[in-house]
Every structure is written in C-alpha cells, then in structure tokens.
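Grab a pencil and work through the exercises below with the structure on your screen. Try each task yourself before you read its solution.

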Amino acid sequence: MGNGSGRYEVKRCPRCDSELYADMDVCYGCLYDFSRGAAREVPLPSVMERSLALRHADEVGVVVRGSALEVWTPVGDGGAVVGGSASCDVILRAPPVSDRHLRLVPTSDGMEVSDLGSSVRATYRSRPIDRRVVVPYGDAIDVCGCQLTMTGPRPTSPSGT
C-alpha cells in the first residue's frame, strides 16, 4: 500500500470518480465492486444507458440503471418518489434503499432531487444529497449502487444557441 515515501497508493472509482486507497475492493462512495469489473474501468453511464438517455433526451424522466436493469421511466409535473416501497413511483430493490428514499421534481433547469430522510444518502458528483439539489438534465445521481440519469429538455443559452 505505502510506497516508502509515507504516501499511500490510490485509485479512482470508475463509477463515481471518488479517490480510494489502492487496496480497497469496494468504493465507499457508490458501492462499486472492483472485483466484478476491475479489468474494464469504464465510467458510467454505459453505452446502453447513453442510448436510452439520448432516445429520451427531450422527454422529462429518468434512466434507471442497476446491476440487472436499464429502463427509462417518465416523471410528470407532480414529480416521482423513488424508494423500496411498492407505493413509490420508481421502485429500487436494493437492501440499503429506504422505503421512501428521495423525490424527483422536474424544473426548467433540471430535476430537483430531495432526500426524504433516507438512511443511506444518494450522491451527486460524489457528494451526499442532504436536502435537495437540482441535477441538470443529462447528469446522473447514484442511489445505493443504482445510477439515475435525468432526461429532459436542455436549457437554451441566453444567445439562443
């Protein structure tokens, strides 16, 4: 681990880009398992997810990617609740997912993501979502190892381009 200079060897997580000690097998930020894909360090979103996100780029919704699932689902003006409960709009079946984990509400700038008191926080750009954050369309969050990519209309620049 150490290299004699008092510094530890590090590596980057291919999923969330967290810096980790080189001997770690699981990322503490997103639970990425290096033993399952260490040979191919391909950052998410995957090719399939990008194609789903591109296919629905102008439709407000979310691409959900888990270990065995990639699906796009719409999110209406009233928003959607993500969690493990059968009453949620988007159901994630992973042990650390809370019954009502977070809420997604579309805005003109992206999807407003609000934590609903989850025990394991969702992350955006490797930072925990403690209250709420607006995630631009095309960008993604991680919920207990599931990647959620927001889809919707891209904002137009002030010059109209």
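**Exercise 1: a surface patch**

Which residues make a nonpolar surface patch of about 310 Å²?

Step 1. Keep in mind that you're looking at a predicted model.

Step 2. Look for nonpolar side chains on the surface: the patch is made by Tyr8, Val10 and Tyr21.

Step 3. Now place one of them along the chain. Tyr8 sits in the segment before strand 1, which covers 10-12.

Step 4. Check how open Tyr8 is. Its relative accessible area is 49%, and exposed needs over 50%, so Tyr8 counts as partly exposed.

**Exercise 2: reading a sheet**

Find the order of the strands in the open sheet of five strands, and then its edges.

Step 1. Walk across the sheet from one side to the other: the order reads 6-5-7-8-11, and the pairing is mixed.

Step 2. Pick out the edge strands, each of which pairs on one side only: strand 6 (90-91) and strand 11 (132-135).

Step 3. Zoom in on one pair. Strand 5 (residues 80-83) and strand 7 (residues 102-106) are antiparallel to each other, with three bridges between them. What holds such pairs together in general? Strands of a sheet pair through backbone hydrogen bonds.

Step 4. Find a bridge partner: Val81 is matched with Arg103 in strand 7.

Step 5. Hop to strand 8 (residues 111-115), where you'll find Ser114. Its relative accessible area is 16%, and buried means under 20%, so Ser114 is buried.

Step 6. See what surrounds Ser114. Skipping neighbours within four places in sequence, Ser114 is in contact with His101, Leu102, Arg103, Arg131 and Arg132. Arg103 is the residue you just met as the bridge partner of Val81.

**Exercise 3: a hairpin**

Describe how strand 12 and strand 13 pair, and say whether the faces of strand 12 are covered or open.

Step 1. Count the bridges: four join strand 12 (residues 140-143) to strand 13 (residues 146-151), and the two strands run antiparallel.

Step 2. Match up a pair: opposite Ile141 you'll see Leu148 in strand 13.

Step 3. Look at the turn. This hairpin has two residues between the strands, and Cys144 takes a positive phi near 50°.

Step 4. Check each face of strand 12. Ala140 and Asp142 are buried on one side, Ile141 and Val143 are buried on the other, and that leaves both faces covered.

**Exercise 4: salt bridges**

How many salt bridges does the structure hold, and which residues are linked in a network of them?

Step 1. Recall the basic idea: side chains of opposite charge can pair when their charged atoms come close.

Step 2. Count them: there are three salt bridges.

Step 3. Start at Arg121. Its side chain meets that of Asp115 at 3.1 Å, N to O, and that of Asp130 at 3.7 Å, N to O.

Step 4. Put these together: Asp115, Arg121 and Asp130 form a network of salt bridges.

Step 5. Compare the burial of two members. Arg121 is partly exposed at 32% relative accessibility, whereas Asp115 is buried at 16%.

Step 6. Track down another pair: Asp139 and Arg125 form a salt bridge, with their closest N and O atoms 2.8 Å apart. This pair links distant parts of the chain, 14 residues apart: Asp139 is in the loop between strand 11 and strand 12, and Arg125 is in the loop between strand 9 (123-124) and strand 10 (127-128).

Step 7. Finish with accessibility: Asp139 is partly exposed at 22%, while Arg125 is exposed at 59%.

Key:
Residues numbered from 1 in each chain as written. Predicted model: local features only at pLDDT ≥ 70, side-chain atom pairs only at ≥ 80, totals over all residues. Heavy atoms only, no water. Pairing = 2+ DSSP bridges. Buried < 20%, exposed > 50% of the residue type's maximum accessible area, 1.4 Å probe, protein only. Patch = residues over 30% accessible without salt bridge, like charges linked within 9 Å, V, L, I, M, F, W, Y side chains within 5 Å. Areas by Shrake-Rupley, 256 points an atom, 1.4 Å probe, with all protein chains shown as cover. Salt bridge = Lys/Arg side-chain N within 4 Å of Asp/Glu carboxyl O. Contact = heavy atoms within 4.5 Å.
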